[in-house]
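Dear colleague,

I am passing on the structure we spoke about, and my notes on it follow underneath. Please read them with the coordinates open beside you.

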Amino acid sequence: MQFAVIGNPISHSLSPILHNHAFKMLGIPGFYGRYLLQENQSFYHLRSLHLKGANITVPFKEVAFNSCDEIFGIAREIGAVNTIIFEKGRMLGYNTDALGFYLCIKDLAPKNALIIGAGGSAKAVAHILKQKAICVTLINRSKKRLKDFKNFECFTFDTFTPKNPYDLIINTTPAGLTNSDLPLAKEYLSPLLKKARLAFDLIYGRQTPFLTLAKSINIATSDGKAMLINQAILAFEIFMESQNITFDTKILHQSMQHIL
Ligand code: NDP
């Protein structure tokens, strides 16, 4: 029983560590690998790999959405799929990034949130917050991608006029991943952070300038590691359900939470 994460690039992905450790701890005979799909290669090529299911990462989440035979749950609203299963020759799509994110901030019970960025991950975050009746505002450095957020309050950097304090400020941009950039100029970000309750960065594995600034202002911070683990747990559950395999969910949670 084989699964994989599909993306380009893919060598950095931590998903194989999470899923293979879960298989080991649960005593389930499964294997989870990585697959580098070329950008000019057809997504349908994946059908020939004899996988039972897969996770999809950058830059194929929208392609996956458009390639699936059926889409389930919030993935329909988001327009992006990060988990697929192959069933009787059909490809079924789900999105576990959205709920994976929400589970991280649920206890904060925010009334409103400011999302910085308007890419694929911003879509997942915006739609789950909206579904949970949390008021969402987006800000992006350029206009083009904001057209995908017609039902949300949107600003570009030069049109931004914050009306409210935001309980939650989320960086969904890669700013700070490989450089010392903030996702939004400090003169805008600092006053917003001062009034916020949590600064959440989707980037994981490093202390970003965004989180460093939030810490210097003494507000709570979270990086994207818990979201990564949550989306993997939810995907694992979908994979096993498709194979009619039952298991102890407590062991699944423990195995994925303690390996990274
Ligand atoms: P996309 O490429 O789809 O979107 C990137 C967005 O960030 C765009 O809106 C872009 O603006 C903006 N942006 C890019 N660089 C900068 C910058 N230097 N300053 C300000 N804005 C910038 O990326 P994704 O949404 O797929 O991923 C974003 C990040 O989230 C990545 O770092 C990824 O690793 C992380 N991630 C983490 C997950 C987790 O589980 N923790 C899950 C998914 C993603 P413009 O439109 O102007 O180009």
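To begin with the ligand, a backbone N or O atom of G224 lies 3.0 Å from one of the ligand's nitrogen atoms, and, taken alone, the ligand exposes 940 Å², of which the protein buries 80%. Please keep in mind throughout that this is a predicted model.

Two side chains also make polar contacts with ligand oxygen atoms: an N or O atom in the side chain of S142 is 2.5 Å from an oxygen atom of the ligand, while a polar side-chain atom of R145 lies 2.8 Å from a ligand oxygen. Both S142 and R145 belong to the closest residues of a shell of 22, together with A118, S121 and N140. By class, that shell has 10 nonpolar, 9 polar and 3 charged residues.

As for where the ligand sits, the space it takes is the largest pocket, and the surrounding shell draws at least three residues from each of domain 1 (2–94 + 225–258) and domain 2 (99–222). Among the helices, α5 (120–131) and α8 (225–242) each supply at least two residues of the shell.

Some backbone geometry deserves a look as well. Most peptide bonds are trans, and most residues other than glycine have a negative phi. The bond from N8 to P9, however, is cis, with omega near 5°, and P9 is found in the loop between β1 (2–7) and α1 (15–26). A cis bond also joins V58 and P59, with omega about 0°, where P59 lies in the loop between β3 (53–56) and α2 (61–67). Finally, A133, although not a glycine, has a positive phi of about 65°, and A133 lies in the loop between α5 and β8 (135–140).

Best regards

Methods: Residues numbered from 1 in each chain as written. Predicted model: local features only at pLDDT ≥ 70, side-chain atom pairs only at ≥ 80, totals over all residues. Heavy atoms only, no water. Near = heavy atom within 4 Å. Polar contact = N/O pair within 3.5 Å; in protein donor to acceptor, adjacent residues only side chain to side chain. Areas by Shrake-Rupley, 256 points an atom, 1.4 Å probe, with all protein chains shown as cover. 1 Å grid on protein atoms, 1.4 Å probe; cavity = no way out; pocket = protein on both sides within 12 Å on 5 of 7 lines; lining within 4 Å. Sits in = over half its atoms within 2 Å of the grid points. Helix = DSSP H or I, 4+ residues; strand = E, 2+ residues; numbered from the N terminus. Nonpolar A, V, L, I, M, F, W, Y, C, P; charged D, E, K, R; others polar. Domains from an automatic or database assignment.
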